[in-house]
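This report introduces a protein model to a reader who has not met it before. It treats the domains, the interface and the ligand in turn.

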Amino acid sequence: MNAAEPGRADQVDVVVLGAGAAGFMAAIEAGKRGKSVVLLDHAETIGEKIRISGGGRCNFTNVNAGPKNFVSENPKFCVSALARYKPRDFLAMVEKHKIEWYEKTLGQLFCRNSANDIIEMLLDELAASGGLLVTGADVRDIDKAEDFQVFTTRGNWRAPRLIVATGGPSIPKIGASGFAYELAARFGVPVVRPRPALTPFLFSEEMKARSGKLAGVSTEVTAQAPGSPVFREAGLFTHRGLSGPALLQASSYWRQGQPLTVDFAPGRDLAAELIAAKSTNPRREIATALGAGLPQRLAGFLAEEVSAWGTLADASHAELRRVAAAIHALDMRPVGLEGWRIAEVAAGGVDVRALDSQSMEVRAVPGLHFIGECLDVTGWLGGYNFQWAWASGAAAGRAM
Ligand SMILES: Cc1cc2nc3c(=O)[nH]c(=O)nc-3n(C[C@H](O)[C@H](O)[C@H](O)COP(=O)(O)OP(=O)(O)OC[C@H]3O[C@@H](n4cnc5c(N)ncnc54)[C@H](O)[C@@H]3O)c2cc1C
């Protein structure tokens with residue numbers, strides 16, 4: 001933000017900054033209440049995160065969304081907004097626009113055709129509510145006297161209410177920025193240190209050398225970071241570390257230096273299987289026996305990792321139980337996470353303890369609201385982040 005431009009500023013009731021999921025919803029809801037609204041974005045093409053989401057089909061909500069699916073230093077904050085704007089409310093809008101959708105798995109709802117359907121729907125709803133969308137508007141300065149004054153390269157606006165919906169810094173090449181954090185700091189609003197989330201784990205050079213041949217191998221696992229739930233979904237070895245839905249979920253809870261526990265045989269009694277295999281095939285290598293329920297390359301790697309050498313006959317039952325226990329709870333010792341370049345979301349963000357949970361308004365700065373991903377509310381993988389964007393956007397828009 002540079003020096004303010006003098007000159008004319010149009011008076012409106014509400015300025016919404018950031019035309020993503022949350023900003024659209026807030027602008028639409030405020031417009032429906034008869035407020036004059038301008039929705040500003042610095043990008044020329046809006047809705048880029050919606051467009052690329054869900055592999056181009058936008059996993060726009062999750063029917064099971066509830067507070068337990070969100071990570072925050074204040075986990076109760078999201079309760080009110082989520083209760084007042086439910087997945088079925090968004091689905092009603094989708095159906096009103098005759099957008100075809102389907103449930104993929106675990107309550108995840110996707111567009112049948114394209115994520116562009118959601119963007120078109122939001123544009124139509126905004127137009128119907130009377131809101132004005134201005135793209136390519138780089139913010140030069142924001143002031144607060146009696147009203148907020150927003151100075152941009154595409155015009156200036158004055159409003160008693162400013163809703164900040166500029167998201168988080170993940171995928172900067174499509175216009176993502178940490179602008180909300182800077183603005184929060186400027187108004188004295190604390191920020192919980194932002195960190196990349198829903199992002200793959202990285203291995204050390206040594207581990208990469210040992211696991212390199214596994215790149216592309218995928219299997220069902222459970223993954224758990226300290227303090228996180230146990231996530232049971234696919235795990236995927238990459239050239240750089242570990243990815244796949246279970247790992248992405250755990251990444252939102254993981255902190256540098258912590259262990260990461262992966263069960264490579266979830267729901268199985270591996271000790272019993274190995275002991276049974278010993279009685280039927282005693283000469284079989286332990287590594288080969290492990291391959292009964294796992295990709296063979298992975299079985300070989302795991303046998304090395306847990307020091308399971310030799311044949312089943314060579315190993316006592318106690319030793320086989322040790323091997324099984326180690327594979328059910330292997331610490332993968334990641335050295336870090338992939339950064340903002342590919343993280344799906346930001347964890348941390350504007351500290352919600354400074355906000356009113358009904359209206360998303362900063363208690364100490366009347367008229368200033370933060371919504372969506374820029375807040376310290378981070379959803380699991382599976383449509384939860386959009387549900388938070390819709391719900392927090394609706395909460396702020398309805399409070400205008
Ligand atoms: C690859 C990928 C796939 C995803 N898939 C899913 C999915 O399927 N389901 C799901 O629930 N979530 C998904 N997410 C997460 C989801 O996209 C975000 O949580 C959600 O878009 C956040 O909405 P938002 O409105 O808060 O922010 P955003 O959608 O990021 O919108 C912020 C807007 O603010 C604008 N902006 C930024 N800085 C400025 C500035 N200084 N001035 C003006 N405008 C600014 C940006 O251009 C952008 O238009 C995915 C994320 C990624 C990266």
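## Domain arrangement

The centres of domain 1 and domain 2, taken over C-alpha atoms, are separated by 39 Å. The contact takes 4 residues from domain 1 and 8 residues from domain 2. The model described here is predicted.

Domain 1 is made up of two stretches of the protein chain, 10-194 and 348-398. Domain 2 covers residues 200-338.

## The interface between the domains

Between domain 1 and domain 2 an area of about 580 Å² is buried. Carbon and sulfur atoms give 64% of that area. On the side of domain 1, V71, W380 and L381 supply 76% of the area buried against domain 2, more than any other three residues.

The chemical character of this interface can be described next. By class, the side of domain 1 that touches domain 2 has 4 nonpolar residues, with no polar and no charged residues. Across the interface of the two domains, 0 salt bridges are found. Polar contact is nevertheless present across the interface of domain 1 and domain 2, where 2 residue pairs are found, both at pLDDT 80 or more.

## The ligand and its surroundings

The ligand has 29 residues around it. Of these, A22, D41, S177, E373 and F386 come nearest.

Individual atom pairs show how some of these residues meet the ligand. D41 places a polar side-chain atom 2.5 Å from an oxygen atom of the ligand. For S177, a polar side-chain atom lies 2.7 Å from a nitrogen atom of the ligand. F386 takes part through its backbone: a polar backbone atom of this residue is 2.8 Å from an oxygen atom of the ligand. On its own, the ligand has 1,000 Å² of accessible area, and the protein covers 92% of it.

## Summary

In this predicted model, domain 1 and domain 2 bury about 580 Å² between them, and 0 salt bridges are found across their interface. The protein covers 92% of the accessible area of the ligand, and D41, S177 and F386 are among the residues that come nearest to the ligand.

Notes:
Residues numbered from 1 in each chain as written. Predicted model: local features only at pLDDT ≥ 70, side-chain atom pairs only at ≥ 80, totals over all residues. Heavy atoms only, no water. Domains from an automatic or database assignment. Contact = heavy atoms within 4.5 Å. Buried area = accessible area lost by both parts, 1.4 Å probe. Salt bridge = Lys/Arg side-chain N within 4 Å of Asp/Glu carboxyl O. Polar contact = N/O pair within 3.5 Å; in protein donor to acceptor, adjacent residues only side chain to side chain. Nonpolar A, V, L, I, M, F, W, Y, C, P; charged D, E, K, R; others polar. Near = heavy atom within 4 Å. Areas by Shrake-Rupley, 256 points an atom, 1.4 Å probe, with all protein chains shown as cover.
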